[in-house]
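Here is a friendly walk through one model, chain by chain and then along the contacts between chains. Keep the 3D view open as you read.

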Amino acid sequence: MIRADLRSERRAGWAMTAPAVLLLLAFLIVPVILGFVLSFTNARLISPEPTSFTGFDNFVRAFTADPTFFRSLLNTFAFAAVVVPVQAGFGLVLAILVNQKIRGAVAFRVIFFIPVVTSIVVVSILWKFLYQPDGLINSFIDTISFGAWHGMAWLNDPGTALTAIIVLSVWQAVGFHMLIWLSGLQTIPEELYEAARIDGAGSWRQFRDVTWPCLRPTRVFVLITITIAALGLFVQIDVMTQGGPVDSTSTLVYHAVRMGYRQQQIGYGSALSLVFFVLVLIVALVQRYLTRDEA
Amino acid sequence: MKRKSLSMLAAAGLSAALVLSGCGRASDSSSGGSGEITMWTHSAGNPGELAVYQQIISDFNASQSKYKIVQQNFPQGSYNEAITSAAAARKLPCLLDMDGPVMPNWAWAGYLQPLGLPDDLIGSLLPTTVGRYKDTVYSAGYWDAALSILARKSVLAKNNIRIPTVDEPWTLDEFDAAVATLKSSYRTPLDLGAADKGEWWSYAYSPMLQSTGGDLIDRGTMKSADGALNGPDAVKFFTWFQQAFRNGWADNAGPVGNQRFIDDKVALSYTGVWNAKDALQSVGDDLLILPPVDFGKGPKIGGGSWQWGISAGCKNADGARAYLKFSFQDKYLTAFADSQVVIPATAAAAKASKYFGDAAALRQFAVLSQKFALARPATPGYPVISSTFEKAAKDIMSGAEVKSTLDTAVKAIDTDISSQNGYGF
Amino acid sequence: MSRRWIYLAMTGLAVFFLFPLVFMFVSSLKPDGQILSDVGGWRAFLPVGDISFRNYAGVFERVPVGRFLLNSLLVTTVIVGAGLVINSMAGFAISRMRWTGRRVVLSVVIATLIVPFETIAVPMVYWVSQLPTLLFQNGRLVYDFGWLDTYEVQIIPFIANGFSVFLFAQYFSTIPAAIDEAARIDGAGWFTIYRKIAVPLSGPAFATVAILTFLPAWNQYLWPSMVVQDENLRPVMVGMQYFFQDTTAWGEIMAYTSMITLPVLVVFLAFQRAFVSSVAASGVKG
């Protein structure tokens, strides 16, 4: 009876997972494997020349003869290193604000979330306008500094372009993580705060001793989702800067698409993608390891 | 090809069941024997241009009963993506239009067949509207575009700047002096169009490079960019280019277009014929259409715009040819020219055009095109050359060291060429 | 913190989050030239000057808006609907049933999250262009190769979603296991438990996944521009490209983006209460 039960449970388990697994296999794993194979070839998008296996040539090229690749690697991790803490922290601040029991909190919550439902392509076009030398952001800075500091071409300066993209990326996505934090906050029992208040804890101590420890599971989730999204940065770059100026905003995914698709070197582009997967996997595993007792 | 066989194998596994179950294969109807000829344009979102195509197609379909043209329109920004995917799936349409410099790449890849239009028809077209690759005609277009420097007569007069002519264009020194003078009354005197992206960069700036004495590639052999793109002339040009931005003569502030000239925020605008109509409307008689600057080897502008070709797999090539022949009537060329403000490909069509006729307001563009237009190099390696050039030029504009940036670009182009066994040259 | 400061902070933040969208909508009412000359000042936010709905009329001349909206609606609805069923079943099986292989499946599902679509787009084109498809031709069921230029190619690859499976698995694991056991003893099959017990208890999780899969599906851009040839099958985001001609029609772009963002805002406003409480209820865990 028990054995039959287990067998039926196993069969049912596979049956219920099968549609999702088969679709993921067909439309994610298979293309990834095709890309994996391509990355060891000199395949081109458009070419009558025969494709042949070239071993590790593409990888050697990436690590020895492609300075843009290194710059992209650096930019990708710099972007993630800033966006992950800033977006997570800002999201938490917003969540705490809209979690106050005051009138209109829901309206603010909706407003903070609106950029998330706006297409990133649209968002990138809008912000490109705002960042112009004679655009709104500059005239705003001009106004609040009483003309002391004149604006600049944010997206055209290698020193500021990536920062400009970080700001709009956080602007667009932070609402989502605000909601995730908010959900974490709302699961904290009110009694814990009451107990803390009875012990004479102020706002800060309540946050440190109650809120923060209780948000542990949420923290891991926020951390991992922001990291994965940040490492895959592409659309903003494609619409706004095309990797420039002087590679200062080129990212791994953008570089892989530029080489593999725009320059038609799909073999090389696939190799870059493969390097990307491996790096993200390592980062994810490291994060998992560091947060292992939090999960 | 490896990637083909891999996915074919997997697909074959999936479809084996279908075959075994006795299910018949669909008959090919995409460009089949029914006389239907599919045609793809890059003109979605451009009602004026589409109206002319619709006129031609309905006239052609009514003029005979053997063939029927079926049109499909794509937005320009994603047109090449659609073509590449369709080629991978072997589903190219019979008739397709393409940006001139891309044609050799597609011809080499086996997407296209020789155009096969009568010699007298091809002979009547402006040379830059005919796409030749290895001495074979693969494409032809109804029009060409041209670039010029737009200015205001009043502004030049006030600043005592000589108005250049086709016979006596500005020399580089003269131009530098003029811009420097204008800099005192304009924050940014010159709009080079650097806010744009993509093919514009090669189209607009590689003629300046050629006018200096450099080039995208050694056109004699088509096998290397060494010396052409990183020689002393190229370094000289790009140093000037970098200075123009560093000195504040030009910038790459957006958005793309000619609005800053219309608003008189810049004095000189290096821009295309497609922006001339709006400029004419707002500036009127004060508008000057000036020849490009002579950087030393005579003024140059880019030639070669959108052109038509016939795909290699087209089963109704005769019908496609009949349609193209029919479409190259002067009245249609004039209609395109007047709706899109582009230079018609034949002299007769230009005569009849309200913009490009003998005394018409934009006639000067046709003259510039005839005198100075130079096609981009007709090599299958062009897409890589162009995208490499764009990146190098942008980096230099943003302050990268000139010579080493050009050397890197040359290396990228040459590596690509040798990886494709010289692209058949 | 005093209440006044909180309001002040929140109002400042509201301005920060709304100003680009206000700029978008206000600009959609202005002619191109005025958008560009207003861009540097407060006028950019104010419907002043030459205000009209001309851009909206222009959009309809240039783009078959209705058709595109309909296509996006169809594609999005099927992706979201089918995705809810398939991904929730998988999440259920992974979180509530014991079977060999479930750990492997879970790891694979989570690993799929690290693959950005852009990096596999090209292999995917080759792949779908070889896939067999069934169709009716002259009243007979026949097969052909190649999914290009169909609704399927815009829908089927995006139904299964690792993130959705993961969220469902998380949520289902919060339902007490005793419920299943009781149902098992009553003789209920696993699918019945899923359908009659787990699903009704999991409304919030479904709302969350619905909104989270709706957004990317509605905003699909790169993929349809590669694989859809027939204008009658194109989704809304590809329509953006229609405005980038030799001269860019900025006013119409703003009008069009306002129009295609509006349905999403409406959907979100309608569901936001359920959504927020659902995220809270789903108790997202790492």
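In this predicted model, residues 73-287 of chain A form a span that is 73% helix and 0% strand. The C-alpha atoms at the two ends of that span lie 19 Å apart. An unreviewed UniProt entry annotates these residues of chain A as "domain: ABC transmembrane type-1".

Chain A also meets chain C: 70 residues of chain C are in contact with 74 residues of chain A. On the chain C side, two or more residues each come from α1 (3-27), α4 (65-96), α5 (102-111), α6, α8 (162-172), α10 (190-201) and α14 (250-282). With twelve residues, α1(C) gives the most to this side.

Chain C has another partner in chain B, where 39 residues of chain C are in contact with 38 residues of chain B. Here α2 (32-38), α3 (54-62), α6 (117-128), β1 (132-137), β2 (140-145) and α12 (222-227) of chain C each supply at least two residues. The largest share, six residues, comes from β2(C). If you would like to follow one element through both contacts, try α6 of chain C, which is listed for the side that touches chain A and for the side that touches chain B.

The residue classes of these sides of chain C, along with one side inside chain B, are set out below.

| Side | Nonpolar | Polar | Charged |
|---|---|---|---|
| Chain C, touching chain A | 52 residues | 13 residues | five residues |
| Chain C, touching chain B | 20 residues | twelve residues | seven residues |
| Domain 1 of chain B, touching domain 2 of chain B | four residues | one residue | one residue |

Now to chain B itself, which holds 17 helices and 16 strands. How far does its C-alpha trace span along the principal axes? The answer is about 80 × 50 × 35 Å. A compact globule of 425 residues would have a radius of gyration near 22 Å, so the 23 Å of chain B agrees with that expectation. Of the 425 residues of chain B, 55% count as buried. Among contacts in chain B with a separation of 6 or more, 73% join residues 24 or more positions apart.

The domain assignment of chain B gives domain 1 (6-145 + 304-358) and domain 2 (147-301), so written that domain 1 has two segments. Taken over C-alpha atoms, the centres of domain 1 and domain 2 of chain B are separated by 33 Å. Six residues of domain 1 of chain B are in contact with six residues of domain 2 of chain B.

Note on methods
Residues are numbered from 1 along each chain as its sequence is written. Chains are lettered from A and ligands numbered from 1 in the order in which they are written. Two residues are in contact if their C-beta atoms, placed from the backbone, lie within 7 Å. Helices (H or I, at least four residues) and strands (E, at least two) are DSSP runs, numbered from the N terminus. Ala, Val, Leu, Ile, Met, Phe, Trp, Tyr, Cys and Pro count as nonpolar, Asp, Glu, Lys and Arg as charged, and the others, Gly among them, as polar. UniProt positions are given in the numbering used here, feature names are shortened, and annotations may be inferred rather than shown by experiment. The radius of gyration is taken over C-alpha atoms; the globule rule is 2.2 Å times the number of residues to the power 0.38. A residue is buried if 20 or more other C-beta atoms lie within 10 Å of its own, exposed if 12 or fewer, and partly exposed in between; C-beta atoms are placed from the backbone. Domain bounds come from an automatic or database domain assignment.
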